[in-house]
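Have a look at the protein shown here and give it a slow turn on the screen. We'll start with the whole chain and then zoom in on a few spots.

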Amino acid sequence: MGVQRDDAERAASGGHDTTVAVVGAGLSGLTAARELHRAGVEVIVLEAAERLGGRALTVTSALGSRLDLGGQWIGHDHSRIMALAAELGATQFRMHTSPLPVVIDGSRRLRAGAPSMLGALLVLAGVEVLSRVATTQRWNTTTVEAWLRRLPRRIRRLLEVLAYISWTADLDRYSIHAMAKAIRQQGGLRAMLSTTGGAQESLLVEGAGALIDGLAGELGSRVRPGHRVTSIVCRDGGVTVHTTAGDVRAAKVIVTVPPPIAGRIAYDPPLPPSRAALASDTYMGSVYKGVAVYPRPFWRDRVGGEFLVLDKPGRAVFDTSAPGGPGHLCVLVGGPEARELDRLDAPARRDAVLGALAAYVGPEVLDPASWHEKSWHLDEYVGGGYVALAQPGTSGGIPPIACTPVGDIHWAGSETARDHPGYLDGAIESGTRVAREVIEALTGSE
């Protein structure tokens, strides 16, 4: 069933169902739609899934706390999401953190002064330098896996797990050039990997879903879940967006989904080659996220709640408990090792990712009050996370991805952000930017 409006209202808008159709109800799409709505522009948001939020997903634990299974972190300089959270009444708190995570390799805990730890630090220092100079074609065809293969086993494994968690990439499909540019974009390795003063400094008590709910609440029935876009047809009279729930006619369309997902949409006329190539030149990372909930964060009395576990699946563990709330342990597994978990059932996955912690924080870690998990690479409408990744040898898919309009089609999404691409803050930036761009285009065409 398509969008229904009476004839008088349709005629007043030039025969369109709306002025602007937004594809994707993630943070970027909802931000753009709200900006347009507040500017007096008619807008409809078309979302393929039955839920809203895209790469943000907040659920409620058995103890009543809210937790994020998708994007969650607010960096120390992520001013846009801070402002939106404050506007919507969400409560920001600093993540409880230790100076360094506990590094576990099999049955061993690696000390900060261990040769493998010092060796990894030296390599990371070299990567920091490389991030400022790795712009040649040679570095764009050399993969991270090929580079790591030259290192001693334990150093290689430590850096491999860090890379999986940081970029969720298959390292044989991720170039040194793409890695170096990602490091530069995030202000260096220290900012990218750090909690205090870095990209993982704060969280929201209510979860990122509070922002999605706030934006969607203001837009009301303008947001249409269950409307998967199958094709976009552009003619002189405007744009027709074909969806699985009917057609929408608009003057402009904004596509906010990442390039591999946008590539599933048929375009008539076809997109220019450089834009069309983004679908094949990029892929979504593989990432698994689990959150264990306990009556209290008991681990703080022992060794803390931050771990880097090197035995498979390589994983990072964070204490994401809100002040005064129950204990939350967040576990991230990236790259091909995230996909390996798909072969296990839910209890086996939980034991696989929590098991190594029992020796350090106690056996009660294996018996959470509730357990929540999400394999983002299995999500039909998102495809993976955290961000679209460029295939080796290509450059168009390295963020910030070009977002020059193609006729009446405009582009947004976290991958297009100049500040913090791949983060929630970048999604807000891109939504704000594209709304301004569309308003200027509409005003100039009057």
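What follows is a short tour, from the overall build down to single residues.

**The whole chain**

Keep in mind that this is a predicted model. Let's start with the building blocks: the protein chain holds 17 helices and 22 strands. How far does the C-alpha trace span along its principal axes? The answer is about 70 × 50 × 40 Å.

You can also ask whether the chain is balled up. A compact globule of 446 residues would have a radius of gyration near 22 Å, and because the protein chain has 22 Å, the two agree.

What share of the 446 residues counts as buried? That would be 59% of them. As for the outside, the accessible surface comes to about 17900 Å², and carbon and sulfur atoms make up 53% of that surface.

Now think about which parts of the chain touch each other. Take the contacts with a separation of 6 or more: 73% of them are between residues 24 or more positions apart. Charges are worth a quick look too. There are 46 positive and 47 negative charges in the protein chain, and their mean positions are 7 Å apart.

**Two domains**

The protein chain is divided into two named pieces. Domain 1 is put together from 1-54, 207-281 and 401-444, while domain 2 is the stretch 113-194. Measure from C-alpha centre to C-alpha centre, and domain 1 and domain 2 lie 35 Å apart.

**Strand β2**

Strand β2 covers residues 43-46, and two of its residues deserve a stop: V43 and I44. V43 has a relative accessibility of 4%, so it counts as buried, the cut-off being under 20%. What does V43 touch, leaving aside residues up to four places away in sequence? Its partners are T18, V20, V22, A33, L36, H37, L219 and R222. I44 has a relative accessibility of 4%, so I44 counts as buried as well.

**Helices α4, α8 and α14**

S116 has its place in helix α4, which runs over residues 115-130. Its relative accessibility is 10%, and that is why S116 counts as buried. Beyond residues up to four places away in sequence, S116 touches L110, R154 and I155.

Next comes helix α8, residues 176-185, which is mostly covered: 7 of its 10 residues are buried. Which ones are buried? They are I176, H177, A178, M179, A180, A182 and I183. Just after α8, look for G187, which takes a positive phi of about 80°.

Helix α14 spans residues 336-340 and contains E337. Is E337 buried or exposed? With a relative accessibility of 3%, E337 counts as buried. E337 touches R157, E160, Y164, K312, P313 and G314, again not counting residues up to four places away in sequence.

**Two loop residues**

E364 sits in the loop between α16 (358-361) and β20 (370-375). Its relative accessibility is 32%, so E364 counts as partly exposed. E364 touches Y294, F298 and R302, once residues up to four places away in sequence are set aside.

G197 is in another kind of spot to explore: the loop between α9 (189-193) and β8 (202-204). G197 has a relative accessible area of 37%, so G197 is partly exposed.

**Sequence versus space**

How does a gap along the chain translate into a gap in space? Here are four pairs to find on the screen.

| Pair | Gap along the chain | C-alpha to C-alpha |
|---|---|---|
| E364 and Y294 | 70 residues | 9.0 Å |
| I44 and V129 | 85 residues | 46 Å |
| G197 and L46 | 151 residues | 37 Å |
| V43 and G396 | 353 residues | 29 Å |

Try finding E364 and Y294 yourself: they are 70 residues apart in sequence and 9.0 Å apart in space, and E364 touches Y294. Then look for I44 and V129, which are 85 residues apart along the chain with their C-alpha atoms separated by 46 Å.

Key:
Residues are numbered from 1 along each chain as its sequence is written. This is a predicted model: local features need pLDDT of at least 70, side-chain atom pairs count only at pLDDT 80 or more; totals for chains, interfaces and linings use all residues. Side-chain values use heavy atoms; hydrogens and water are left out. Helices (H or I, at least four residues) and strands (E, at least two) are DSSP runs, numbered from the N terminus. The radius of gyration is taken over C-alpha atoms; the globule rule is 2.2 Å times the number of residues to the power 0.38. Buried means under 20% relative accessible area, exposed over 50%, partly exposed in between (1.4 Å probe, protein chains only). Contact means heavy atoms within 4.5 Å. Accessible areas come from the Shrake-Rupley method with a 1.4 Å probe; for residues, only the protein chains shown count as cover. Lys and Arg count as positive and Asp and Glu as negative; His and the chain ends are not counted. The place of a charge is taken as NZ of Lys, CZ of Arg, CG of Asp or CD of Glu. Domain bounds come from an automatic or database domain assignment.
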